[in-house]
Structures are given as structure tokens and as C-alpha cells.
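Thank you all for coming. Please have a look at the sequence and the structure as they come up, and then we will go through them together.

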Number of protein chains: 2
Amino acid sequence: MSLAPRPQAEPALRFFGYFRSSASYRCRIAFNLKGVAPALVPVHLRRGGGEHLRPDYVAVNPQRLVPALEVDGTALTQSLAIIEWLEETHPAPPLLPRDPLARAQVRAFALAIAAEIHPLNNLRVLAYLKGPLGHDQATVDQWYRHWVGEGLLACEALLARNGQGRFCFGDAPGLADICLVPQMHNARRFGCDLSAVPRLAAIDAALAALPAFAAAHPDAQPDAEP
Amino acid sequence: MSLAPRPQAEPALRFFGYFRSSASYRCRIAFNLKGVAPALVPVHLRRGGGEHLRPDYVAVNPQRLVPALEVDGTALTQSLAIIEWLEETHPAPPLLPRDPLARAQVRAFALAIAAEIHPLNNLRVLAYLKGPLGHDQATVDQWYRHWVGEGLLACEALLARNGQGRFCFGDAPGLADICLVPQMHNARRFGCDLSAVPRLAAIDAALAALPAFAAAHPDAQPDAEP
């Protein structure tokens, strides 16, 4: 008879995401860094009018947004809340520093992307600009680039003040890096000029080489499309 | 000679806010709940072209947004990052539950407001709709009400599933309540129809009666204007 403690059962995880969603991309990087592999349930945001609007998905996420994570049947929403849950339940390797002031600076950088840039540029907002407001694609692209440009400049300034090391806040990737890479991917996809954010560009390139980031790239997902 | 440990010096706190900013309003509620009283530095977002654009404030927050909190001279930005810092450094009373799944649900609700509704409706976005995009006030108001309506409906659904008690997630106010009240205040200010969110309306009314929330109301601030 062994006296070793019985290992606690790992919860059953189901991840609802879309290969191109940058909030899904954030979570994929975080899962990879933590060595956690949830079962993937692809939710296609464009097919059939949008699978995120189907009643079975709305039951998972009443916000009708991806991603969502089911933990033993309990649905969690919002990428940053999912990543904080992951950090609390799987502490190694840490995605946040230990010092409260340093944690706040990393979280602020993450929010400067997740709560300031991304919400202005997601699909439903672009659809509103085109539909009810009647703008053409060129005006919508300009809107997109305006908020990315302004937001990334602020991020570059935040790092000039508080950043350090190879990545955003040190020599190990963390929450800030997890938010940066998908945002930079989107910026390139929409042809944003990144010459004003050389530090972000260099960090992004360094992060792209890490296996956890490479494996999370939209093109590497099972639901990817050309 | 006393053997009692020398009390650790409280850090010097300076809070940069604007009475009407809902992100500032969130922080004020959190400070009040924790019994923390930072020195206030009002930053007027409309006066003189916007005091948040002045070099002395941009040095505090390169994002040119309020609020910011200086802790012994170190500037923190983003209301949710500031509140998480407060929670970590002043644990009582707690603003988040202890269980990781429950914490994630509270954070998701907070983000459903702070990262989904509010970013679409802040001053700079409304200014872009009016300026570069040339929309009139009626169209801008419709935009505002559209995102508030859609966002609050999702919040109502999140609570129908996971909410409990007198407030959002229990009988003590927490992070979700801190985000809800300023958003409901804005919704009323812009004439949004709240009949579809009766649970949010009832919780908001119950919270308004708490001294920590009443003292944080925009009208009760030293920089308030009629």
C-alpha cells in the first residue's frame, strides 16, 4: 500500500475558440506555456451566419463571443479571466511576477491591448460600422488602423518606462507577451504601419520563435483556413 | 523600549481621476470599500482641450486615459489592474471570492463591462465618430445605446446563470458590483432603456445605498460639475 497522496483528478477542459480570434489566440498561448491541453471545440464566427450565435453556444457564453473554457461543465468566459484562472490553478511557470506593483504593470499592459485596442476592432464592431453606419471597407480599415496605431504607441511607451529583458517584462514570457503577439498578428494582417513601435516588433519576433507561441498561431490550428 | 514591530509605512498614494470617468468611478468605489484614501489629482478631460493630453499627465499615463494611481511615485494604469493591486495589498474586505472558478466568473463579469461595453463608449471613440466619421449626435447616441444594450443583456444572462445573493455574486459587494454601478450610471445618463435588465437594475439600486458606493458617485466628487 502506497502512502503517496492520491493524485487529484485533472478537471475535464473544453476550449471553445476560433483560429483567427485574437482572444482565443491569447488563451492558446497560455495553455501551451502551462502545458495544459483542453479539448478543442471550434466555433466558426463567419460560417452559417456565425456559430457563436447558435443557441448551444449561447448557452456556453451568453456574450456570444469566443473564447470560452468549460471546466468540468462550468463555463468560463473572457480571455483574461480564463488566463487568471489558469495562473491560479496551474502556477508554474508563472505568467505574472510576484511583486504586486510589478503584477499591476503587467496587467495594465495586457488591458491596454485587451480592453483598449481589441474591443474597438472585433468583428461585431466592424460589422456595425459597415452595416448600420454604412461605411465602406476603406473607412473601416482606417478605423482599425487608427486604434491599433494609437494603442500600440501607448504600449511602446509603457514598455519604455517599465519594460525589461528580452520580452515585455523580463526574460520569461508572461501575460503581457500573451496579449502582445495576437495583437501584432492582427496589426500586420490589416497592414498597420509598425515602424513607430520598434520595441514591440522586436519582442514580438523573439516570442514568435518560442514553441508555445508558434503552436498557438492561427495558421497552426485544426480549424485554420487559408 | 517597545517590542512591538514598527508599523510599515503606508505608501504615498496619488489618484488621477475625473469625476465623470466610469473607470475612475470604479477605482473610487474600490478605495472606499478598502478604506484607502489616496490624494486626489483631478484631470479634466474636456477643459483646455483635455488635461489628460498635457505632457505632465502623459508622463504619468502614456495611454492618455484616466485613471492612474501613483504608489510612492510609481504610476499604475488601467482601473482593473489598479483594483487587483489594491486587492493584493489590502486583502480585507475581499473583492474577489477565494475559489478560482468563482473568481474567474466575477472577473469575466467585470471584463464584460470594462473590456466590452466601456471601450466602445468612451470620449475618444465618440469624438472619432463625430469628427473623422462625421456622424451627428443622434447617430452617436444610437451607437452608445446599442453597445450598452447588447452588453448589459449579456451581463444579465451571466448573472441568471452564476449570480447569487443581494449583489452580483453574493451578499457582499465585490469587483463585479464595482464595475456594474458606473456602467448603469452611464446607461441612465444616455437614456438607455433598462427594462430588459431587471436583475442588474435591482442590484444597482441596492448597491447605491451603500456608503462606499454613494461616496464614489460622480456628483459627490470635489471636481464635480453640474
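Which residue of β4(A) does A:A68 stand opposite? If you follow the two strands across, you will find that A:A68 faces A:T77. Before going further I should say that what you are looking at is a predicted model, so please keep that in mind for everything that follows.

Let me stay with this pair of strands for a moment. Strand β3 of chain A covers residues 68-71 and strand β4 covers residues 74-77, and the two run antiparallel, joined by 4 bridges. Together β3(A) and β4(A) make a hairpin that has 2 residues between the strands, and in that turn A:D72 has a positive phi of about 50°. As a general point, side chains in a regular strand alternate between the two faces of the sheet.

Just ahead of the hairpin there is a peptide bond to look at, because the one that joins A:V66 and A:P67 is cis, with an omega of about 5°. A:P67 itself is found in the loop between α2 (55-58) and β3 of chain A. A second cis peptide bond runs from A:A92 to A:P93, where omega is near -15°, and A:P93 has its place in the loop between α3 and α4 of chain A. In chain B, the loop between α2 (55-58) and β3 (68-71) holds B:R64, a residue which has a positive phi of about 60° although it is not a glycine.

Now let us step back to the domains of chain A. The domain assignment gives domain 1 as residues 14-92 and domain 2 as residues 100-214, and the centres of these two domains, taken over C-alpha atoms, are separated by 20 Å. Where they meet, 15 residues of domain 1 are in contact with 18 residues of domain 2, and the area buried between the domains is about 1,600 Å², of which carbon and sulfur atoms give 69%.

How many salt bridges does the rule find across the interface of domain 1 and domain 2 of chain A? There is 1 salt bridge, and we can look at A:R107 and A:E84, which form a salt bridge with their closest N and O atoms 2.7 Å apart. The count of residue pairs in polar contact between these two domains is 3. On the side of domain 1 that touches domain 2, α1 (22-34) and α3 (79-89) of chain A each supply at least two residues, and the largest share, 8 residues, comes from α1(A). Sorted by kind, the residues on that side of domain 1 divide into 9 nonpolar, 2 polar and 4 charged.

Finally, we come to the place where the two chains meet. Here 49 residues of chain A are in contact with 49 residues of chain B, and the chains bury about 4,300 Å² between them, with 66% of it on carbon and sulfur atoms. Between chain A and chain B the count is 10 salt bridges, and A:E84, which we met a moment ago in its salt bridge with A:R107, also has a side chain that meets that of B:R107 in a salt bridge, at 3.9 Å from N to O. The residue pairs in polar contact between the chains number 15.

Which elements give two or more residues to the side of chain A that touches chain B? They are β4, α3, α4 (100-114), α5 (123-130) and α6 (137-162) of chain A, and the residues on that side divide into 29 nonpolar, 12 polar and 8 charged.

Methods
Residues are numbered from 1 along each chain as its sequence is written. Chains are lettered from A and ligands numbered from 1 in the order in which they are written. This is a predicted model: local features need pLDDT of at least 70, side-chain atom pairs count only at pLDDT 80 or more; totals for chains, interfaces and linings use all residues. Side-chain values use heavy atoms; hydrogens and water are left out. Domain bounds come from an automatic or database domain assignment. Contact means heavy atoms within 4.5 Å. Buried area is the accessible area (1.4 Å probe) that two parts lose on being put together, summed over both. A salt bridge is a side-chain nitrogen of Lys or Arg within 4 Å of a carboxyl oxygen of Asp or Glu. A polar contact is a pair of N or O atoms within 3.5 Å; within protein, one must be able to donate a hydrogen and the other to accept it, and residues adjacent in sequence count only if both atoms are side-chain atoms. Ala, Val, Leu, Ile, Met, Phe, Trp, Tyr, Cys and Pro count as nonpolar, Asp, Glu, Lys and Arg as charged, and the others, Gly among them, as polar. Two strands pair if DSSP finds at least two bridges between them.
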